[in-house]
2 protein chains.
Amino acid sequence: MTSETPTVEMHPSRWGDPAAAAELPESALALVDLAFGLQDRPAVAVAHPPEGGLAPALVDELRGLVGGEHVLVDDQTRALRTRGKSTPDLLRARAGDLADAPDAVVRPDGRAEVEAVLAWAARHHVAVVPFGGGTCVTGGLAARRDAFAGLVSLDLVRMKRLLAVDEVSMTATLEPGLRGPEAEALLAAHGLTLGHYPQSFEHASIGGFAATRSSGQSSAGYGRFDAMVVGLTAATPTGTVALGSSPANAAGPDLRQLLLGSEGAFGVITSVTVRVRRAPEVTAYEGWRWPSFTAGAEAMRTLAQSGLLPTVLRLSDESETAINLADPSSIGGTDDAGCLMITGYEGTPEQVEARRAAVSAVLTGLGATALGTEPGETWVHGRFDAPYLRDSLLDHGVLVETLETATFWSNRERLYADVRAALTSSIGDGALVLCHVSHVYETGCSLYFTVAARQAEDPIAQWQAAKAAASDAMIAAGATITHHHAVGTDHTPWLAQEIGEVGVRVLRAVKAELDPAGILNPGVLIP
Amino acid sequence: MTSETPTVEMHPSRWGDPAAAAELPESALALVDLAFGLQDRPAVAVAHPPEGGLAPALVDELRGLVGGEHVLVDDQTRALRTRGKSTPDLLRARAGDLADAPDAVVRPDGRAEVEAVLAWAARHHVAVVPFGGGTCVTGGLAARRDAFAGLVSLDLVRMKRLLAVDEVSMTATLEPGLRGPEAEALLAAHGLTLGHYPQSFEHASIGGFAATRSSGQSSAGYGRFDAMVVGLTAATPTGTVALGSSPANAAGPDLRQLLLGSEGAFGVITSVTVRVRRAPEVTAYEGWRWPSFTAGAEAMRTLAQSGLLPTVLRLSDESETAINLADPSSIGGTDDAGCLMITGYEGTPEQVEARRAAVSAVLTGLGATALGTEPGETWVHGRFDAPYLRDSLLDHGVLVETLETATFWSNRERLYADVRAALTSSIGDGALVLCHVSHVYETGCSLYFTVAARQAEDPIAQWQAAKAAASDAMIAAGATITHHHAVGTDHTPWLAQEIGEVGVRVLRAVKAELDPAGILNPGVLIP
């Protein structure tokens with residue numbers, strides 16, 4: 001079955017569905033003015049990518065492989081496939097810089113066509129950037145093009161089929177171009193769900209979830225995306241690999257885990273087999289107040305270590321609670337509200353009731369104040385909206401960006417303090433640094449930071465300095481450079497420190513074996 | 001803290017602690033005679049390994065690295081480090097064939113000494129077989145020695161420390177030479193447990209659990225060993241890698257999962273950081289009867305897919321239930337007993353009571369008959385004993401061996417039928433083929449087969465034919481060649497089919513990068 005939903009193209013320099021863009025409410029604008037001073041920093045009206053550099057004979061050859069209508073070289077299509085959606089990506093696009101535009105956008109359908117495009121690219125030394133939803137925030141769609149005969153975006157938008165459903169094993173095989181809502185709609189027809197809801201859900205793709213080890217807002221209940229994957233197929237320039245003989249096994253290293261997180265640098269994922277669940281009959285989301293971030297985080301640890309997790313579990317620190325980004329209309333609420341926790345439950349009525357009662361008893365026992373369902377409902381309705389808010393803030397001269405990490409529980413306080421200090425001291429006076437925990441494990445958790453500051457003259461340099469300081473702090477604290485946003489080009493220097501020289505050599509060896517011409521996403525992932 | 005327990009050396013041609021060996025009860029002998037006809041097939045009284053081939057100058061150099069008393073070249077030590085404990089391994093040793101004996105046994109202490117030994121071996125082109133507990137059943141300790149200047153067993157027996165405990169994060173860092181009971185004793189001093197109890201538990205080592213992706217009898221509650229690992233350090237001939245920045249992350253491929261299952265072919269694991277749990281306050285094991293293997297397996301699927309698993313969950317098929325290998329004194333019980341399921345619960349009294357009630361309600365609702373705690377207690381007391389029984393049966397001319405696989409739930413019946421048929425038709429008339437399920441996942445389960453047959457003239461060739469037929473059936477059914485016994489040398493031809501040509505090339509590329517001289521476990525893992 002194929003998703004028939006037409007793909008919503010995002011604006012080249014803004015997030016999301018252009019029809020859904022929203023201006024900041026007046027009340028918020030006044031507060032933003034107070035905090036940062038409003039500036040007028042509009043995007044350029046029209047930007048054009050540089051002339052495509054791919055030789056016409058090569059374009060013709062490509063057309064022969066996938067059909068003429070599936071090789072696009074017009075400016076608009078190329079602009080829409082330029083970079084991802086990090087704040088630096090947006091700032092560059094807003095300034096009219098589309099220098100990273102591909103020469104052509106090629107839309108193969110099916111594994112055989114992907115294989116043909118990769119063989120063509122290897123033969124002619126053309127760089128290939130696999131493209132799913134375009135939501136990357138770590139520079140993973142801005143490949144190096146030096147020394148190549150050209151650069152094409154390999155757009156998986158035509159590969160949108162639900163290839164198989166196994167309701168006995170509770171697995172589904174999905175094509176990589178399916179966007180989050182498309183995959184969920186196809187599964188819902190069988191009464192199933194994947195339960196994977198990252199903030200990018202509305203636009204990100206199945207292939208991207210796998211290639212970047214995405215983690216969604218319901219990870220406490222459904223797990224990380226890489227934990228859902230039981231099989232996958234990937235086309236490389238030197239052959240296709242199909243993995244997934246069993247849920248788990250001892251047949252050597254788990255090569256699935258080598259392709260998950262490979263960010264298009266080893267191959268193009270052409271199908272993913274995932275564990276699915278029955279679509280929930282009921283859902284319930286609610287809010288809790290904690291006296292401090294530490295008290296709330298300790299409660300999360302208690303839940304994770306007692307195997308008693310809700311489906312959604314999220315805790316904002318004092319600053320994020322006060323700002324409450326999820327609800328722009330309430331920005332500027334009381335400053336002394338402690339820390340907001342959101343808990344969510346999904347399943348059958350009996351499951352939800354039992355789990356909710358058990359979790360609530362633990363939280364109450366540990367000192368939380370129940371806030372009822374309203375904060376939960378507010379959160380669930382606004383949970384994909386923050387990136388829209390960023391665009392409005394950029395228009396008004398406020399730099400907003402996020403970064404995230406993870407560590408073991410005993411290191412959480414240090415990591416939080418060190419990254420906060422690095423951001424605060426590097427980005428400029430009056431910056432806001434917010435944080436939440438949204439992914440927990442028995443042994444540790446993620447920390448997700450949001451930073452807002454008045455845009456300096458060169459906001460990209462401003463952010464890069466802050467990002468470098470925060471990244472250095474993460475590595476110095478022994479934490480990961482990214483819990484769920486992948487490496488892209490932005491994180492490669494710190495990945496090298498995280499996995500060490502031997503780890504880097506392993507990645508390079510695998511890359512050299514599968515992609516000896518080095519055409520796949522050059523400069524991405526591999527330090 | 002170091003384990004001070006002296007390591008129990010297993011007999012070179014028998015399983016386990018020589019002091020614990022047990023003869024078959026009379027009642028069982030009579031039945032074995034009836035089924036297979038008793039033969040007298042004793043092991044040779046004394047066997048000597050061939051003269052060690054390592055040049056004396058090299059042995060001296062090795063002594064300089066780790067100390068003279070930690071390089072052993074005597075026949076007895078070399079015999080005890082010859083191969084593992086598969087039935088073919090035992091049959092060879094019983095026939096006096098110790099051709100695979102190492103030239104020397106070297107016992108480094110600590111990472112630096114391991115690194116020094118690997119550098120020495122690479123320099124002199126000496127093959128190295130990392131040795132933990134010696135319990136391998138897939139030929140993983142019988143490396144190729146052709147074209148090498150010698151072969152040494154790198155015995156990790158001196159590396160038995162608990163290096164760190166983090167009771168906040170609930171992790172522990174263990175050295176690879178710790179045997180199962182030693183690791184549990186060190187953790188128990190902190191009120192903690194790993195909860196990893198494979199049948200080889202009493203002798204197998206932490207390093208071996210990691211290197212082979214072991215899975216224990218409590219995997220329903222504690223997970224597979226690879227799922228417990230959050231960090232590890234491995235020394236390779238070209239450098240040491242330390243991984244484990246966080247419980248999970250998106251910092252590229254998960255390289256931990258490349259070293260887990262690498263069976264000493266990529267490097268020597270020098271420490272493992274594992275998730276631990278509070279030691280259970282109470283345990284309860286009980287038995288259930290199902291009318292058929294299918295009914296019981298469907299109940300396991302229901303439990304796994306509803307997130308309602310006991311700590312132990314095991315189901316014997318009709319044949320295994322009738323034989324009941326776990327209780328030799330009861331061999332030959334009624335033939336019409338349906339299928340025995342064992343459920344076990346561990347935790348606080350409240351956890352055990354709640355989980356037991358919920359699971360029992362499901363099982364009763366699906367048609368199981370409660371058998372009370374006696375079958376559970378019998379199972380738990382006998383659960384490490386089956387390998388001893390094998391030795392007695394070999395003495396009496398009965399070939400006994402096991403093999404195992406895993407698949408998705410919808411393929412379980414086919415895999416069971418096909419492997420049974422392959423074994424039955426290949427091993428000779430009158431063979432017994434028994435099976436149980438002991439590891440379950442949301443999407444599938446393992447199948448563990450035990451085969452007993454009258455020993456032919458050449459029992460090794462007899463078993464190899466049966467093993468090949470069963471392995472072909474697994475691959476033809478799309479299942480894995482091994483759920484938890486690793487690849488060794490025995491499974492390499494089928495691994496190549498399971499992961500395909502591209503997968504094999506990836507393994508070879510990683511091997512070439514980390515071990516360019518190819519000294520680590522040559523012939524093991526890599527097809």
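How many residues of chain B are in contact with chain A? In this predicted model, 67 residues of chain B are in contact with 67 residues of chain A. Let us start at that interface and then work inward.

Several elements of chain B give two or more residues each to the side that touches chain A: the strands β8 (229–236), β9 (239–243) and β16 (398–408), together with the helices α10 (256–259) and α18 (492–514). The largest share of that side, 14 residues, comes from α18(B). As for chemistry, the residues on the side of chain B that touches chain A divide into 31 nonpolar, 26 polar and 10 charged.

How are the two chains related? A rotation of 180° with 0.0 Å of shift along its axis superposes chain B on chain A, with an RMSD of 0.0 Å. That is the relation of a two-fold axis. The same surface serves both copies, and 100% of the contact residues of chain B recur in chain A.

Now turn to chain A by itself. Chain A is divided into domain 1 (23–155), domain 2 (162–278) and domain 3 (282–384). The C-alpha centres of domain 1 and domain 2 of chain A lie 24 Å apart. Where these two domains of chain A meet, 14 residues of domain 1 are in contact with 17 residues of domain 2. On the domain 1 side, the elements that give two or more residues are α5 (111–124) and β3 (127–131) of chain A. Of these, α5(A) gives the most, with 6 residues. The residues on this side of domain 1 of chain A divide into 7 nonpolar, 5 polar and 2 charged.

Next, look at a strand pair in chain A. Strand β8 (residues 229–236) and strand β9 (residues 239–243) of chain A pair in the antiparallel sense over 5 bridges. The two strands β8(A) and β9(A) form a hairpin, with 2 residues between them. If you would like a place to find your bearings, Leu232(A) stands opposite Leu243(A) in β9(A). In chain B, β8 and β9 are among the elements that give two or more residues to the side that touches chain A.

For a different kind of sheet, move across to chain B. Here 4 strands form an open sheet in the order β1-β2-β4-β3, and the pairing is mixed. The strands β1 (71–72) and β3 (127–131) of chain B stand at the edges, each with a single partner strand, so one side of each is left without a neighbour in the sheet. Strand β2 (residues 104–106) and strand β4 (residues 151–155) of chain B pair in the parallel sense over 3 bridges. Within that pair, Val106(B) has Leu154(B) in β4(B) as its bridge partner.

Back in chain A, which residues of helix α14 (residues 374–382) are buried? They are Pro375(A), Gly376(A) and Trp379(A). These residues cover an arc of only 100° around the axis, which puts them on the same side of α14(A). On the other side of α14(A), Glu374(A) and His381(A) are exposed. The buried residues of α14(A) pack against three strands of chain A, namely β12 (282–290), β14 (339–347) and β15 (369–372).

Another buried position is Leu432(A), found in strand β17 (residues 432–437) of chain A. Leu432(A) counts as buried because it has 20 C-beta neighbours inside 10 Å, and 20 is the number at which a residue qualifies. Leaving aside residues up to four places away in sequence, Leu432(A) touches Ser319(A), Ile323(A), Val451(A) and Ala452(A). The C-alpha atoms of Leu432(A) and Val451(A) are separated by 5.6 Å, although these residues are 19 residues apart along the chain.

Finally, two residues deserve a look at their backbone. Most residues other than glycine have a negative phi. Ala486(A), however, has a positive phi of about 70° although it is not a glycine. Ala486(A) is found in the loop between α17 (459–476) and α18 (492–514) of chain A. With 29 other C-beta atoms within 10 Å, Ala486(A) is buried. Leu525(A) also has a positive phi of about 70° without being a glycine, and its place is in the segment after α18 of chain A. Leu525(A) is buried as well, with 29 other C-beta atoms within 10 Å.

Definitions and conventions:
Residues are numbered from 1 along each chain as its sequence is written. Chains are lettered from A and ligands numbered from 1 in the order in which they are written. This is a predicted model: local features need pLDDT of at least 70, side-chain atom pairs count only at pLDDT 80 or more; totals for chains, interfaces and linings use all residues. Two residues are in contact if their C-beta atoms, placed from the backbone, lie within 7 Å. Ala, Val, Leu, Ile, Met, Phe, Trp, Tyr, Cys and Pro count as nonpolar, Asp, Glu, Lys and Arg as charged, and the others, Gly among them, as polar. A residue is buried if 20 or more other C-beta atoms lie within 10 Å of its own, exposed if 12 or fewer, and partly exposed in between; C-beta atoms are placed from the backbone. The arc is that of the directions from the helix axis to the C-beta atoms. Two strands pair if DSSP finds at least two bridges between them. Domain bounds come from an automatic or database domain assignment. Copies are superposed by least squares on the C-alpha atoms of residues with pLDDT of at least 70 in both.
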